[in-house]
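Got your viewer open? Let's walk through this one together, one selection at a time.

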Amino acid sequence: MARTETQILADMMDKTRQLTRFYISNLKTVDPYVPIEFGGKTFNSIYWLTAHLMWAEDNLILMGTGAKSVAPEWIKHYHLGADGSLHEGHGDYKSLLGEMKRMHEEALAHLTSLNDEDLDKQNAFGFHFGDGDTTNRLIIMHAIRHEGIHIGNLAWMCKMNEVKTP
């Protein structure tokens, strides 16, 4: 049986998140709350970056395609352009990872509930990225590439902290 485009996109998002989790797991010896300094520059903390990825998946995959948010209210603190600070009263990192997993499962369930015709509909925000395409397909693809960009950040964090990755 042929897979639908939405199934393929869901698989791509899931495989991309698996790579995110791989790099996060390799950073377990690094304090997730402390911004990383390297070469005279300060980078967001692992905690901040993880929460930002949660915000993006909720914002793009769920709300961007017309579904309701499944994120806690405080996740908005980690929006695009945020200052890199941690939300006041943030929880522990292990709890954040559990919340990340729960939210990802809900986002995948929503994504797989869409049919290919839904991909051609305009996304809830009317976002386009330079080419005028405002479809749900585009916002889902953007969520995948956004996460991929931040996987690169996590990989660099491993190198900056001399963490070997297989």
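## Start at Leu154

Select Leu154 and show everything around it: leaving aside neighbours within four places in sequence, Leu154 is in contact with Thr20, Tyr23, Ile24, Leu27 and Leu49. Keep in mind as you go that this is a predicted model. Leu154 is found in helix α5, and its relative accessible area is 0%, so it counts as buried. Now add Leu19 and draw a distance between the two C-alpha atoms. You should get 9.9 Å, for residues that are 135 apart in sequence.

## Along α5 to His150

Stay on the helix and pick His150, which also lies in α5. Is His150 buried or exposed? With a relative accessible area of 14%, it is buried, as that value falls under the 20% cut-off. Show its surroundings, again skipping residues up to four places away in sequence, and you'll find that His150 touches Leu49, His52 and Leu53. Leu49 should look familiar, since Leu154 is in contact with it too. Zoom in on His52 next: its side chain and that of His150 are joined by a polar contact of 3.4 Å.

For a longer line across the screen, add Asp116. Its C-alpha atom is 27 Å from that of His150, with the two positions 34 residues apart along the chain.

## Zoom out: α2 against α5

Now colour residues 46-62, which make up helix α2. The axes of α2 and α5 come within 9 Å and cross at roughly 175°. That angle is over 145 degrees, so α2 runs roughly antiparallel to α5. To see what makes the contact, select Ile46, Leu49, His52, Leu53, Ala56, Leu60 and Ile61 on the α2 side. On the α5 side, select Ile139, Ile140, His142, Ala143, His146, Glu147, His150, Asn153, Leu154 and Met157. Colour the whole set by class and you get 11 nonpolar residues, five polar and one charged.

## Glu147 and its partner

Click on Glu147, found in helix α5. At 2% relative accessibility, Glu147 counts as buried. Which residues does Glu147 contact, leaving aside its neighbours within four places in sequence? Show Met13, Thr16, Arg17, Thr20 and Leu53. Two of these names have come up before: Thr20 is in contact with Leu154, and Leu53 is touched by His150.

Focus on Arg17. It forms a salt bridge with Glu147, with the closest N and O atoms 2.6 Å apart. Arg17 lies in helix α1 and Glu147 in helix α5, so this pair ties together parts that are 130 residues apart in sequence. Turn on a surface if you like: both Arg17 and Glu147 are buried.

## More salt bridges

How many salt bridges does the structure hold? There are nine. For another one, select Glu5 and Arg137, whose closest N and O atoms are 2.7 Å apart. Glu5 sits in helix α1 (residues 5-26) and Arg137 in helix α5 (residues 136-160), so here the bridge ties together parts 132 residues apart in sequence. Check the exposure of each partner: Glu5 is partly exposed, with a relative accessible area of 27%, whereas Arg137 is buried at 18%.

Next, pick out Arg3 and Asp11. Their side chains meet in a salt bridge, at 2.1 Å from N to O. Arg3 counts as partly exposed, at 48% relative accessibility, and Asp11 is partly exposed as well, with a relative accessible area of 35%.

## Last stop: α1 against α3

Finish by colouring α1 and helix α3, which covers residues 93-113. Their axes come within 9 Å and cross at roughly 170°, and α1 and α3 are therefore roughly antiparallel to each other. From α1, select Thr6, Leu9, Ala10, Met13, Asp14, Arg17, Thr20, Arg21 and Ile24. From α3, add Tyr93, Leu97, Met100, Lys101, His104, Leu108, Leu111 and Thr112 to complete the contact. What classes do these residues fall into? By class, the contact of α1 with α3 has nine nonpolar, four polar and four charged residues. Among the α1 residues in your selection is Arg17, the salt-bridge partner of Glu147.

Definitions and conventions. Residues numbered from 1 in each chain as written. Predicted model: local features only at pLDDT ≥ 70, side-chain atom pairs only at ≥ 80, totals over all residues. Heavy atoms only, no water. Salt bridge = Lys/Arg side-chain N within 4 Å of Asp/Glu carboxyl O. Buried < 20%, exposed > 50% of the residue type's maximum accessible area, 1.4 Å probe, protein only. Helix = DSSP H or I, 4+ residues; strand = E, 2+ residues; numbered from the N terminus. Axes fitted to C-alpha atoms, helices over the stretch in contact; angles between N-to-C directions. Parallel < 35°, antiparallel > 145°, perpendicular 65-115°, else oblique. Contact = heavy atoms within 4.5 Å. Nonpolar A, V, L, I, M, F, W, Y, C, P; charged D, E, K, R; others polar. Polar contact = N/O pair within 3.5 Å; in protein donor to acceptor, adjacent residues only side chain to side chain.
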